[in-house]
Amino acid sequence: MPRLFACCLTALLLTIGLADLGLAQNLPRLLERAEVVPAQELWLEPGDRLQLRAKAAPGARVTTSWGLALPELHPSMAGGQTGIYQVSYVVRPGDTLNNRRIKLYAQLPNGRRDSLLTGTAVRVLDPNVPQLARTRGPLAYLNYGLGEDRLGGAKLGYLDSLVLLHVTGRVGGQYRVRLAENQTAWVPLEVARLLPPGGLVPQALTGSWSVSGDAQYDYVRVSLPERLPYRSQLLSEPARLVIDVFGATSNTNWITQRAGLQEIENVYYEQPQPDVFRIIIDLKHAQSWGYAVGYQGNTLTIRVRRPPARLQLKGLTVAVDAGHGGDNHGAVGATGAKEKDLTLAIAQRLRQALEQQGATVLMTRDADVSLDNGARVLRLRQAMPHLLVSVHINSAGSPAAKGTATFYRYVGFRPLSQAIYQELLKTGLAPWGNVGAFNFALNGPTEFPNVLVETAFVSNPDDERRLIDPAFQQEVAERIAAGLERFLKETRARGPRGWWRKQPALAR
């Protein structure tokens with residue numbers, strides 16, 4: 001009898017256990033989601049914050065594999081959701097995460113447990129073994145931060161190839177680089193090549209300078225032992241260039257200025273912080289005609305363009321860019337009008353108007369072909385026009401948006417965009433505005449003054465009706481050409497550096 005009872009009890013317990021197992025298999029997971037924030041591959045260093053978030057059953061205890069608890073957020077802090085857990089952990093020296101995903105654990109008061117790996121990996125860099133990289137390609141650039149959009153609003157500026165960078169982190173497709181104390185930037189993975197570990201953090205003492213000119217340009221050359229990163233700015237009133245070289249400290253004994261300078265008024269330097277060397281170049285004319293920064297060997301070379309001999313369209317080379325093209329249709333109006341077709345029609349008419357004035361016109365495209373913006377920039381840098389006009393058609397989510405606008409990035413090139421804008425308003429289009437700090441690819445080159453023209457809104461019925469009219473396309477082209485003439489006339493009137501100090505206060 002006892003043996004029979006024991007067998008029945010065992011069978012009963014086995015049945016209950018199997019039922020519990022089946023029930024457990026049908027229960028939802030305790031941990032629905034585990035992620036790092038942002039949910040991309042991360043490289044961190046001591047002092048950085050590792051942010052973790054989980055979605056789990058309410059009332060659970062959620063921890064990392066090393067025992068760090070993720071507090072449960074009140075629904076008011078989680079968009080009304082329950083069961084959201086998160087923590088911000090400051091990485092410490094000695095933390096070892098080597099490109100692996102982090103496991104989170106969840107446990108309910110009844111003892112039920114669950115675990116889940118984050119979808120992306122985390123690596124902690126060793127500050128004693130710096131990770132270095134070099135830029136690569138003709139269009140390497142730095143970003144201010146992780147912000148990104150189709151117009152490149154995060155872009156800090158272009159860099160030459162083979163510039164040495166100190167990588168201190170990574171988020172997804174960008175490396176974080178240290179420029180100087182308390183100054184960082186980001187570089188996309190596709191324009192940087194990692195070096196084997198064991199290098200030295202980039203830093204250098206500056207040598208002596210030479211300032212000279214040839215038949216086309218003035219030059220400033222600063223000798224360095226390494227290709228260091230830099231940032232340039234074109235400023236106005238007074239017109240000047242400011243170039244910060246990161247990781248450099250002054251050991252400059254002299255600056256030799258030779259005969260033949262036509263655009264450089266003066267050069268000098270400052271050391272705003274121990275690892276930032278600032279080069280300042282005063283320009284002779286109020287209007288800058290462009291500049292380029294790069295390396296010849298390890299010599300930082302700043303090439304300053306001189307004004308044209310005659311400030312008139314006859315004899316100038318003007319680049320005209322018809323936006324989009326080929327498989328890139330751009331904006332499309334209610335009637336089916338495509339931006340790529342409208343921009344080409346206006347650009348071709350603009351070429352005719354400029355050639356009638358004696359200008360040489362360089363078209364980035366003269367047919368319905370696909371051409372990415374990087375290829376356009378490289379071609380323009382090689383051709384070195386005096387001016388660039390990029391023609392586009394605007395669009396918005398609301399048909400109420402209408403009017404014409406011009407866009408510039410560098411304040412030193414604003415007079416060009418302002419002159420064309422004033423002429424476009426004579427078409428009767430509504431004023432949309434003269435827009436600055438526009439970081440679009442064709443506004444990025446510093447080598448020549450440039451402007452992007454958003455002629456009108458194809459998303460607005462009235463604007464679209466005018467845009468598809470060949471007579472209006474001709475009028476827009478003529479107004480842009482008149483804007484270029486206006487810019488040249490105003491540049492002649494502005495004259496040399498310091499012109500604004502001679503004007504009445506009201507004129508300023």
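Strands in this tour are DSSP runs of at least two residues, numbered from the N terminus. Keep that numbering in mind as you open the structure, which is a predicted model.

**Stop 1: the loop after strand 1**

Select Pro38, which sits in the loop between strand 1 and strand 2 (42–44). Now look at the peptide bond that joins Val37 to Pro38: it is cis, with omega at about 0°. Most peptide bonds are trans.

**Stop 2: strands 1, 3 and 5**

From here, step back to strand 1 and colour residues 31–37. Which strand does strand 1 pair with over 6 bridges? Its partner is strand 3 (residues 49–56), and the two run in the antiparallel sense. To see one of the pairings up close, select Glu35 together with Arg53, its bridge partner in strand 3.

Next add strand 5, residues 84–90. Strand 3 is joined to strand 5 by 7 bridges, and these two strands run antiparallel. Here a good pair to pick is Leu52 and Val87: Leu52 stands opposite Val87, which belongs to strand 5. As you look along the backbones, remember that strands of a sheet pair through backbone hydrogen bonds, either parallel or antiparallel.

**Stop 3: a turn at Asn182**

Move on to the loop between strand 12 (174–180) and strand 13 (183–188), and select Asn182 there. Although Asn182 is not a glycine, its phi is positive, at about 65°. Is Asn182 buried or exposed? Asn182 is exposed, because its relative accessible area is 75% and the cut-off for exposed is over 50%.

**Stop 4: the sheet with strands 21, 16, 17, 25 and 24**

Show the open sheet of 5 strands whose order is 21-16-17-25-24; its pairing is mixed. At its edges are strand 21 (255–257) and strand 24 (291–296), each of which pairs on one side only. On average, neighbouring strands of this sheet are turned by 15° against each other, direction ignored.

Zoom in on the edge formed by strand 24. Strand 24 runs antiparallel to strand 25 (residues 299–305), and 6 bridges join the two. Select Tyr291 and you will find its bridge partner, Val304, in strand 25.

Now go to strand 17 (residues 217–223) and pick out Asp218. Asp218 counts as buried because its relative accessibility is 0%, and buried means under 20%. What does the side chain of Asp218 reach at 3.0 Å? The answer is the backbone nitrogen of Gln262. Select Ile264 as well: its backbone nitrogen lies 2.9 Å from a polar side-chain atom of Asp218.

**Stop 5: the sheet with strands 18, 19, 23 and 22**

Another open sheet has 4 strands in the order 18-19-23-22, with antiparallel pairing. Strand 18 and strand 22 (264–273) are the edge strands, each pairing on one side only. Neighbouring strands in this sheet are turned by 15° against each other on average, direction ignored.

Follow strand 22 to strand 23 (residues 276–283): the two run antiparallel and are joined by 7 bridges. To mark a spot along them, select Val267 and Ile281; Val267 stands opposite Ile281, which is in strand 23.

Before leaving, find Pro238 in the loop between strand 18 and strand 19 (240–246). A cis peptide bond joins Glu237 to Pro238, with omega of about 5°.

**Stop 6: the largest pocket**

Turn on a surface for this one. Rolling a probe the size of a water molecule over the atoms shows where empty space is left. The largest pocket holds about 820 Å³ of space. Of the 35 residues lining it, Tyr158, Ser232, Val293, Arg381 and Thr446 are the closest to its centre, so select these five to find your way in.

Which strands each supply at least two residues of the lining of the largest pocket? They are strand 10 (155–158), strand 18 (230–235), strand 24 and strand 25. If you colour the lining by residue type, you will get 17 nonpolar, 11 polar and 7 charged residues.

**Stop 7: Ala437**

Finish in the loop between strand 30 (431–435) and strand 31 (450–457), where you can select Ala437. Phi of Ala437 is near 55°, a positive value in a residue other than glycine. Most residues other than glycine have a negative phi. Ala437 counts as exposed because its relative accessibility is 65%.

Technical notes:
Residues numbered from 1 in each chain as written. Predicted model: local features only at pLDDT ≥ 70, side-chain atom pairs only at ≥ 80, totals over all residues. Heavy atoms only, no water. Pairing = 2+ DSSP bridges. Axes fitted to C-alpha atoms, helices over the stretch in contact; angles between N-to-C directions. 1 Å grid on protein atoms, 1.4 Å probe; cavity = no way out; pocket = protein on both sides within 12 Å on 5 of 7 lines; lining within 4 Å. Points joined across faces, edges and corners; volume = space filled by probe spheres on them. Nonpolar A, V, L, I, M, F, W, Y, C, P; charged D, E, K, R; others polar. Buried < 20%, exposed > 50% of the residue type's maximum accessible area, 1.4 Å probe, protein only. Polar contact = N/O pair within 3.5 Å; in protein donor to acceptor, adjacent residues only side chain to side chain.
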